[in-house]
Amino acid sequence: MKKVLVIDDSALMRRVISDIINQDERLTVAGTANNGEAALDILRRGEKFDILLVDIKMPKMDGVRLLREMNKFRLHIPSIIVSSVASESGAETIEALELGAVDFIKKPTSSIGENFADFRNDLLNKVYVITGLSAKGTDFVSAITPKQPESVKRKVFTTSGTPIAVKRPHLVKGSKLCVIASSTGGPKALQSVIPFFPKNFPYPVVVVQHMPVGFTNSLAKRLDEMSEIRVKEAEDGEVLRPGIVYIAMGGKQCELVSKPGGTYCFSENDKPPRGGLRPCADIFFESLVDTSYEEIICGVLTGMGSDGSEGIKLIKGVHNVKCVAQNKQTCVVYGMPRAVVELGVVDEVVPLEDVTGMMLHKLGLL
């Protein structure tokens with residue numbers, strides 16, 4: 001029986017979440033708290049839990065401060081953020097993920113209907129994975145992504161921290177593309193990947209991170225603050241340009257469509273979720289089949305499920321594609337990288353800190 005602590009200032013939300021958890025005979029809500037301060041008192045008394053479900057906005061001590069205090073007292077318990085969609089909650093949710101929260105889920109707008117059913121299924125699936133009750137083929141490895149060692153900086157940067165000048169091969173403009181797919185643990189893992197693309201990187205980068213609407217803009221802004229290369233949320237109709245990292249918009253399907261003159265732009269559309277995912281990496285990869293990119297370099301990072309593997313297999317049949325996967329030891333959830341390994345479409349498996357350097361190497365830039 002896996003023990004859950006529910007932390008939310010809303011009595012209704014505590015009851016809703018508790019009812020969902022307690023309906024599964026393998027799970028039990030072993031405690032509740034109406035703010036972070038009360039939760040911290042419970043944890044510091046030595047009560048044991050397998051997972052925490054944490055609200056962001058709470059009086060006395062919010063979810064972000066709770067995670068910060070837990071780190072201070074070395075209380076390393078896997079946590080899922082249960083967050084609203086408000087813009088300020090988006091930024092705080094990204095900060096919570098930086099502090100060690102494993103994943104997050106958007107609160108439902110009502111306690112009935114399709115929206116609530118999606119919330120229930122998403123919550124249970126994530127709790128299953130993180131508590132070791134996951135479906136076959138997915139391993140939860142660590143609640144906290146390991147800190148990036150200095151070695152990655154030496155691969156992509158000089159010892160002074162100044163980006164090195166990457167080589168600029170004489171190829172047709174826009175002839176190469178980088179795509180990164182990630183899910184659970186991805187927002188933090190991306191901080192060990194995106195900031196190490198150098199400022200003069202000559203190709204576009206597209207990141208498909210599983211997120212609902214309202215959160216990817218905050219993720220893009222945070223990564224942009226940390227990076228020499230520009231990072232932004234993709235916009236519908238926006239033309240891809242070299243030297244920019246685009247984060248696929250949360251709650252939309254992201255595809256590339258051709259424009260006159262051989263350029264490509266984003267279609268951020270309302271096509272239905274696939275496997276419950278929107279954005280879905282497989283759908284984005286499928287949109288690359290008819291493009292004219294000479295090379296496509298893919299990075300597959302930590303995440304639940306197998307999204308991205310079938311799409312990469314498909315484009316490998318028509319393009320020069322290289323795939324770099326994060327290794328199991330540095331994943332939060334070894335699902336998506338495992339899938340590309342087992343499908344036989346991966347070219348390199350490396351620790352998280354080596355993903356950027358290996359992608360640059362595959363592009364002939366290092």
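Two residues are taken to be in contact when heavy atoms of one lie within 4.5 Å of heavy atoms of the other. On this basis, in the predicted model described here, residues 24 or more positions apart account for 73% of the contacts that have a separation of 6 or more. The protein contains 12 helices and 16 strands, and of its 366 residues 56% are buried. The exposed surface of the protein amounts to about 15300 Å², of which carbon and sulfur atoms supply 48%.

The N-terminal part of the chain illustrates how strands are combined with a helix. Strand 1, which spans residues 2–7, pairs with strand 2, residues 27–33, in the parallel sense and over six bridges. Together with helix 1, formed by residues 11–22, strand 1 and strand 2 make up a β-α-β unit that is right-handed. Strand 1 is also joined to strand 3, residues 51–55, by four bridges, and these two strands likewise run parallel. Val-6 serves as a point of reference for both pairings, since this residue stands opposite Thr-32 in strand 2 and opposite Leu-53 in strand 3. In a regular strand, the side chains alternate between the two faces of the sheet.

Beyond strand 2, the chain enters a loop that leads to helix 2 (36–44), and Asn-35 lies in this loop. Asn-35 counts as buried because its relative accessibility is 6%, whereas the cut-off for burial is set at under 20%. The side chain of Asn-35 takes part in a polar contact with the side chain of Asn-34, at 3.0 Å, and a polar atom of the Asn-35 side chain also lies 2.8 Å from the backbone nitrogen of Ala-38. When neighbours within four places in sequence are left aside, the residues in contact with Asn-35 are Ile-7, Met-58, Pro-59, Lys-60 and Met-61. Of these partners, Ile-7 belongs to strand 1, which covers residues 2–7.

A second asparagine, Asn-125, is found within a helix, namely helix 5, which comprises residues 113–130. Asn-125 has a relative accessible area of 39% and is therefore classed as partly exposed, a category that lies between the limits of 20% and 50%. Although Asn-125 and Met-304 are separated by 179 residues in sequence, the distance between their C-alpha atoms is 9.3 Å.

How values were computed
Residues numbered from 1 in each chain as written. Predicted model: local features only at pLDDT ≥ 70, side-chain atom pairs only at ≥ 80, totals over all residues. Heavy atoms only, no water. Buried < 20%, exposed > 50% of the residue type's maximum accessible area, 1.4 Å probe, protein only. Areas by Shrake-Rupley, 256 points an atom, 1.4 Å probe, with all protein chains shown as cover. Pairing = 2+ DSSP bridges. Right-handed = clockwise from strand over helix to strand, strands pointing away. Polar contact = N/O pair within 3.5 Å; in protein donor to acceptor, adjacent residues only side chain to side chain.
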